[in-house]
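Visitor: Could you take me on a close look at one part of this protein? I'd like to hear about the annotated binding site and then about what sits around it.

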Amino acid sequence: MAASASASLRHHLLLLRRRPRFPLNPSPAFRACSLPRRYQRLFASAPSSSTVEDGYPPSLVEPSDGASVVDVNPPRGTRDFPPEDMRLRTWLFDQFREVSRVMAFEEVDFPVLESEALFIRKAGEEITQQLYNFEDKGGRRVVLRPEITPSLARLVIKQGKSVSLPLKWFTIGQCWRYERMTRGRRREHYQWNMDIFGMPKVRAESELLQAIILLFERLGITSSDVGIRVSSRKVLQAVLNMYSIPEHLFTEVCVIVDKLGKLTRDEIEKELITTGLSSEAVQGIIEVLSLKSLPKLEEVLGSNVEAVADLKKLFSFAEQYGYADWICFDASVVRGLAYYTGIVFEAFDREGKLRAICGGGRYDRLLSTFGSEDMPACGFGFGDAVIVELLKEKGLLPDLSRQIDDIVFPLDEELEGPASSVASSLRRKGRSVDLVEDKRLKWVFKHAERINAGRLILVGKSEWERGMVRVKILSTREEFEVKAGELQ
């Protein structure tokens, strides 16, 4: 009886720990009233302690019988992938890889654990405040990568002149950021990156944009569902030049104006003024970044400005590629990472229910921040979380139920050996086979339905003595015998 009560108490404590609504060090009275009456006596007599874990005394978190109460949920902001979720993830990654293949990109990979120095930049970027960083046992400062581009740049530098340009690489990797969670935003996510090194012209950006649009089209998403906002960091640079704003303020201003849409205009203006900009310059920046028309931008900056020429060329390419209806000019797009230098872009859902689906741009001066010679480069990151939310919203998630080719089932215990031989032969021929034993035939039929098996192969005594097995096609209920060695 005592053991049963102890197990039940541990179960109830686990439920309470999953709902952390209590003070960090609650009073005995609070602890008692928060539990069923049958446990209040136990709490009332629990020893006090200066060490409290999740608001509960250690003796209750780890019972005296040595059995620990383990929260079976993954850490906050992370995910498990049971089979049905893993099938969806694998399907999505297959779409990433297929688009990369038709775009003639090669796959690369890097460790998820990187040197902290790769990601520490003095630019006021939000990402530097969201690092999972620590010192390893060798005294080295390391980080779970929050993004992939610096790892890619590190590998490019490491490869040196052994590779021919342009490089067209892609990767699918996990990223970690300790940030506030919202719909489509977690503390870990997988990200598809495509990057081009050694191509200085706008052709590189136009290729990357086609890759993104090819993916959308493969997923059943149309230009009425999603758009891609395009601008250039050079637009903002041109505005700063108009007001003689020092070069060293450029990155800081980019980080601030990237918050447009997240903060009010007044808040953005106040942050810009704190950098030392005049009110006139702040108003000029806000007005230009409010433009949604490329001809109007040309009127303000002039046709000889590099930003205008780059954007006009990109929109011309868009017509030739056939995706002009997907993209639109929006001067407010600057992207929050400090290393962008030219054209930038981000995909959005037209209903405005979700955060950015993906984003990227040109970063021609990233390599020099790591002590190497700069190289023209651009790329994008495309996370797995927001696109899945969009597919759910549009009813476009595929049916990814489990599917097995064959179930092999021996009807008698002494036929387990022959059944193993049949299953092994089919597997060598590339068929997926579930070998089932010690079950009733009724259970086997239900199991076949659950896993969408194509065939049921019964190994019976009389059939096996003649070198035969019985095959049942489950979709048509057709049954026939076939020689075991001729099974395909």
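Guide: Here is a walk from the annotated site out to the rings and the sheet. Keep in mind that this is a predicted model.

Let's start with the record. An unreviewed UniProt entry puts a "binding site" feature at Glu 147, Ile 148, Thr 149, Arg 177, Gln 191, Asp 195, Arg 335, Tyr 339 and Tyr 340. I'll pick two of those residues and go through their surroundings.

Take Thr 149, which sits in helix H6, a run covering residues 149–159. With the cut-off for buried set at under 20% relative accessible area, Thr 149 makes the grade because its relative accessibility is 7%. As for company, and skipping neighbours within four places in sequence, Thr 149 is in contact with Asn 193, Asp 195, Tyr 339, Tyr 363 and Leu 366. Asp 195 and Tyr 339 are also among the positions in the UniProt feature.

Now Arg 335. You'll find Arg 335 in a loop, the one between strand S8 (327–329) and strand S9 (343–349). Arg 335 is buried too, its relative accessible area being 19%. Again leaving out residues up to four places away in sequence, Arg 335 touches Arg 233, Cys 254, Asp 258, Tyr 340, Val 344, Phe 345, Glu 346, Gly 359 and Gly 360. Tyr 340 is another position listed in the UniProt feature.

On to the aromatic rings. Searching the whole structure turns up 15 aromatic pairs. One of them joins Phe 93 and Phe 96, stacked with 6.1 Å centre to centre and 25 degrees between the planes. These two are three residues apart in helix H5 (residues 83–102), so about one helical turn separates Phe 93 from Phe 96. Phe 93 and Phe 96 are both buried. A second pair, Tyr 132 with Tyr 178, is edge-to-face, at 5.7 Å centre to centre and 70 degrees between the planes. Tyr 132 belongs to strand S3 (residues 132–135), while Tyr 178 is in the loop between strand S5 (167–176) and strand S6 (188–197), so this pair ties together parts that are 46 residues apart in sequence. Tyr 132 is partly exposed at 22% relative accessibility, and Tyr 178 is partly exposed at 48%.

Phe 93 and Phe 96 also turn up in a cluster linked by ring pairs, together with Phe 81, Tyr 190, Trp 192, Phe 216, Trp 326, Phe 380 and Phe 382. Phe 81 has a charge over its ring as well: the charged end of Arg 89 sits there, 4.6 Å from the ring centre. Elsewhere, Lys 439 has its charged end over the ring of Trp 443, 4.6 Å from the centre.

Last comes the sheet. It is an open one with eight strands, mixed in pairing and ordered S1-S5-S6-S11-S10-S9-S7-S8. At the edges are strand S1 (106–107) and S8, each pairing on one side only. S1 pairs with S5 in the parallel sense, over two bridges, and Glu 107 stands opposite Phe 170 in S5. Helix H8 (residues 233–242) packs on this sheet, touching strand S7 (226–232) and S9, with its direction about 40 degrees from that of S7. Helix H13 (residues 306–321) lies across S7, S8 and S9, running at about 150 degrees to S7. That brings us back to Arg 335, whose loop lies between S8 and S9.

Definitions and conventions:
Residues are numbered from 1 along each chain as its sequence is written. This is a predicted model: local features need pLDDT of at least 70, side-chain atom pairs count only at pLDDT 80 or more; totals for chains, interfaces and linings use all residues. Side-chain values use heavy atoms; hydrogens and water are left out. UniProt positions are given in the numbering used here, feature names are shortened, and annotations may be inferred rather than shown by experiment. Helices (H or I, at least four residues) and strands (E, at least two) are DSSP runs, numbered from the N terminus. Buried means under 20% relative accessible area, exposed over 50%, partly exposed in between (1.4 Å probe, protein chains only). Contact means heavy atoms within 4.5 Å. Rings of Phe, Tyr and Trp (its six-membered ring) pair if their centres lie within 6.5 Å; planes under 30 degrees apart count as stacked, over 60 as edge-to-face and the rest as tilted. A charge sits over a ring if NZ of Lys or CZ of Arg is within 6 Å of the ring centre and within 35 degrees of the ring normal. Two strands pair if DSSP finds at least two bridges between them. Axes are lines fitted to C-alpha atoms, for helices over the stretch in contact, and angles run from 0 to 180 degrees between N-to-C directions.
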